[in-house]
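Open the model in your viewer and set it to cartoon. This tour goes from one selection to the next.

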Amino acid sequence: MNHNIPAIIIEDEEEALTYFSSLLEEHFSEIKIIGTSNSIRDSIQLLRNTTPELVFMDIELIDGNSFEILDAIENYDFEVIFVTAHNNYIEKSIAYYALNFIAKPIDIRLLTNTIKRYINLKKRLFTKQKYILLKEFLTESKLLILTGNEYVSIHINDVIKCEAEGNYCTFFLSDKSKYLASKSLKYYETLLSEQQFFRANRSTLVNIKHINSIYKKEALMLSNKEKTIVSTRNKSKLSELIKHLS
């Protein structure tokens, strides 16, 4: 099978890194390791300079714990699989929407099931046919969103904002209704890239047509009277947006 899943390993023990790398290479030919790191600082830099789909991450590193890495990276769209000997972090890993938590010593069956789960998820979320169909639907300023087992048709102009809910996304409409869509915020950001939507922060995508005012170049006042904070990383994009709209 060809390499088609770029992956990064974050592990501070050299022996464990070597073992896990060889495990992936031996059992999962579809995974290509594009980088490794053993510290928070280096991991942040690595993740900002690469585009992995999977990140295998130990939790306790030489300079802190790896949750600090995820807090520092905005707008990440990779899946995280924690591989660690520290079982006390299971609940926190869930809070960070990890794809799975694999305890050391590694259970190859659990690792195999986790990677298969990701591959199936990837096929479901990113099939080109579905993407093209939705793109065509956008020409009529409508969008079909999958909510559970049902597709709901909404007008794009009625969307005030979209908020990330782990691997899902909630649409907030001007009539005060909302829908939980079975796809990620990153998916809809790509889909709506030509429809004047602005990524305010890691978890929020805003319809420019529903921005009533911009406060101190750091907050968006929306048509539903809510305020959305613009992340530090996206303030430069906000400045560009202001120039575009002025």
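The stops are a sheet, the helices on it, and the cysteines.

This is a predicted model: local features need pLDDT of at least 70, side-chain atom pairs count only at pLDDT 80 or more, and totals for chains, interfaces and linings use all residues. Residues are numbered from 1 along each chain as its sequence is written, and side-chain values use heavy atoms, leaving out hydrogens and water.

Start with the open sheet. Its five strands follow the order β2-β1-β3-β6-β7, with parallel pairing. Strands are DSSP runs of E, at least two residues, and helices are runs of H or I, at least four, numbered from the N terminus. Two strands pair if DSSP finds at least two bridges between them.

Select 31-37 and 100-103. These are β2 and β7, the edge strands; each has a single partner strand, so one side of each lacks a neighbour in the sheet. From one strand to the next, the twist averages 20°.

Now select residues 5-10, strand β1. Six bridges join β1 to β2, in parallel. Ile8 sits opposite Gly35 in β2.

Add helix α1, residues 14-27. Helix α1 packs on the sheet and touches β1, β2, β3 (54-57) and β6 (79-84); contact means heavy atoms within 4.5 Å. The direction of α1 makes about 165° with that of β2. Axes are lines fitted to C-alpha atoms, for helices over the stretch in contact, and angles run from 0 to 180 degrees between N-to-C directions.

Next, select 40-49. Helix α2 lies across β1, β2 and β3, at about 140° to β2.

Finish at Cys162 and Cys169. Why is the sulfur of Cys162 not bonded to that of Cys169? The two sulfurs are 4.6 Å apart, too far for a bond; a disulfide needs cysteine sulfur atoms within 2.5 Å. The structure holds zero disulfides. Cys162 is buried at 0% relative accessibility, and Cys169 is buried with a relative accessible area of 0%. Buried means under 20% relative accessible area, exposed over 50%, partly exposed in between (1.4 Å probe, protein chains only).
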